Each structure stands twice: as C-alpha cells, then as structure tokens.
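Visitor: Please take a close look at a single part of this structure and explain how its pieces are arranged.

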Amino acid sequence: MLRTILTSNIEEAAGFIRSGEVVAFPTETVYGLGADALNAVAIQKLFQAKRRPSDNPMIVHVSDPSEIDGIGSNIPKSAIRLIEAFFPGPLTLVLTRDPRIPEVVSAGLTTVGVRMPDHPIAREFLRACGRPVVAPSANVSGRPSPTTWQSVFEDLDGRISCILKADPTRVGLESTVVDCSDEVPVVLRTGSITLGQLQSVEPGAVLGRPNDAAMGRSPGTRHRHYAPTASVVLIDHPSDMAPDANAAYIGLAAHPDPESLVGYSVAADIESYARRLFEFFRECDRRGVETIYCQSVRREGLGAALMDRIHRAVER
Ligand code: TXA
Ligand code: MG
C-alpha cells in the first residue's frame, strides 16, 4: 500500500511523474491519472492502480502543440486543422504512433491518442513534468470518471503516489475522441466538442458506427464504463418514475415530489447536467441508492455525449 500525498503544489506533483510514479491531476474534462509516457514501468504501475484491462489504449497529454510531432507521425492535414481549431481543448486525436512512444501506451495498436488539456493547472503540471504524460480517467476501471479530487481519493487512496488537488472539473464528461489516422476523421467517442463543431473545420468528419473498423480500434468503447453500483433507468419525464422508496433523480425538469427521493438534482441546462452526472452517480452510491432515474435529452451537441454516457451506465 502506498502513502498517497494530497497536494496543491504543482512542482511537487510533477516530481513524482519524473521519478516514475503515478499522479492524479485535474483537466477541464475529468481528473486524469498520469504517468511518464516514455517509461514502461511507470505505465505498468498505472494499469495496476486503475485495474485497467491491458487491451485499452491511453491518451498522451501534452502542454504545447509543438510536442505532438514525435508522438504522432505522418500527421495528416485534417489533424493539423483540428489541432489549430481546438487545441487546447476537450478533444483527443488518434494519430499514427511514432516509434518513440512505447507500444504499451496504445495497447499494441499502431496509433496513439493525443490531447492538450485546456486547464491552467494541467498545462503547468505537464510543462513541469517535462515529458509527455499518459492519462486515463483517474477512476478504478468501470467506475464513473472522477470530476472532483475527493472522488479520485475514494477510488485510489493507497494505490497511487500523489493527487494534485484542484476545483471540480468544468466539462464533467471525457474528451471527444476523433480518429485521424485515415483520410476521413471518425468520431470514436462523443464529448463536448460536437460533431457540428468538427464539421465546421473538417466537413467530411463522421460519427463512428458500432461496427466500423475504426470503432474496433477504440477498445475503450467496448468495456463497461461509467457505471455506478445503483441501476440506472432512462425516462422521458420525472412523472414517468415508478413509486420507489430508494430512488434518485437527475434531469432538466423538476420532480413533483423531491422529498420522496434519496438523491435529487435538477440542472438549468445540458452543460450543468453533464458537469454533474458522474458526481451524482457517485453520491447516489455513497447513499446506497438502488435506482437512479435520468431524464433523457435530445441527442444534439453536448446532449449526444451526455446520452452516450447515460446509455453506457444503463447497459453495463
Ligand atoms: O477527457 C479525457 O479524455 C480524459 C482526461 C483525463 O484527459 N481521459 C480519458 O482517458 O478519458 P480514458 O483512458 O479513460 O479514455 C480514453 C479513450 C478510450 O475509449 C480509448 O479506447 C480511446 O480513448 N483511445 C485511446 N487511444 C486510442 C487509440 N490509439 N485508438 C483508438 N482509441 C483510443
Ligand atoms: Mg476512462
């Protein structure tokens, strides 16, 4: 069992990465679990801490676009345009992997995911690390991604060396993942950078379909994800809820009788619904809720990403 240091000192946290340890840090999407991308031993520790299936590739995080050359190779023009438009931001690009990046990073694939977070602490931390940093979400595999440092602590205390503490994350859902290793950019995971935004720069960009070859290349989309222990039920409106002694509700519309619920969250808009979802799942588990009812939203823009995450929690 490790002693997990909690700190707000960026330099202290970066020191652990430089000495081959595993460190959780904030980004604008969710908290990430970082390790030196060039150190196969550190990456092995990360897989163990997270109990991550070894066939699930990881995203390499950079503090500056100039570092992308050397992580990806033969970078296509479409990727360069997406980088210019959306980096730093909640977007991951899948590129052909440069031989300098160890195979374990991308679980043996010939490609690699790259992202530059839009978060001042994340970028200063990555700069201080002085090397590319792999970072899956900082949860134990299968649990909802953490949007607070306290949720990271709940999952990983004693399993990692350090947590870089900061505020709750702004977006609350993981980055949009776009495969740019072929001519047509394919969205492998929806996120807060929407298909419409991508198409405004790359009109040919498409959503991946479950049976596409590109989706097969994104094993993370196959694994059980984002699921609380409670069962999750999707409803159109809170008035559709069955009477239930141990239930919680999250959505945009108000519930007629919130007092009857063990957990309750009404969001003013889709952004705040998305920002709260994963922490709400975790709060419900802490309270022993049996069923979490989630109101469905239109699958447009951020709503598509929100519905994707809720669906994964329903199906598990
Ligand atoms: O917002 C985020 O992306 C967060 C923060 C910490 O940056 N990270 C994150 O990492 O969500 P993770 O490991 O939980 O999810 C990465 C996703 C998985 O679905 C994985 O399969 C996919 O990206 N992925 C990574 N590398 C890939 C590759 N070379 N080809 C296809 N899919 C890849
Ligand atoms: Mg994850």
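Guide: What follows is a description of one sheet, the helices on it, and some cysteines. This is a predicted model, in which local features need pLDDT of at least 70, side-chain atom pairs count only at pLDDT 80 or more, and totals for chains, interfaces and linings use all residues. Residues are numbered from 1 along each chain as its sequence is written, chains are lettered from A and ligands numbered from 1 in the order in which they are written, and side-chain values use heavy atoms, leaving out hydrogens and water.

The sheet is open and has 4 strands in the order 13-16-14-15, paired in parallel. Strands (E, at least two residues) and helices (H or I, at least four) are DSSP runs numbered from the N terminus, and two strands pair if DSSP finds at least two bridges between them. Strand 13 (231–235) and strand 15 (263–266) are the edges, each pairing on one side only. Strand 13 is joined to strand 16 (residues 291–295) by 5 bridges; Val-232 has Ile-292 as its bridge partner in strand 16.

Helix 8 (residues 270–286) lies across strand 13, strand 14 (247–251), strand 15 and strand 16, at about 170° to strand 14. Helix 9 (residues 302–315) touches strand 13 and strand 16. Touching is contact, with heavy atoms within 4.5 Å; angles run from 0 to 180 degrees between N-to-C directions of axes fitted to C-alpha atoms, for helices over the stretch in contact.

A disulfide is a pair of cysteine sulfur atoms within 2.5 Å, and the whole structure has 0. The sulfur of Cys-284 is 8.4 Å from that of Cys-294, its closest cysteine sulfur, so the two are too far apart for a bond.
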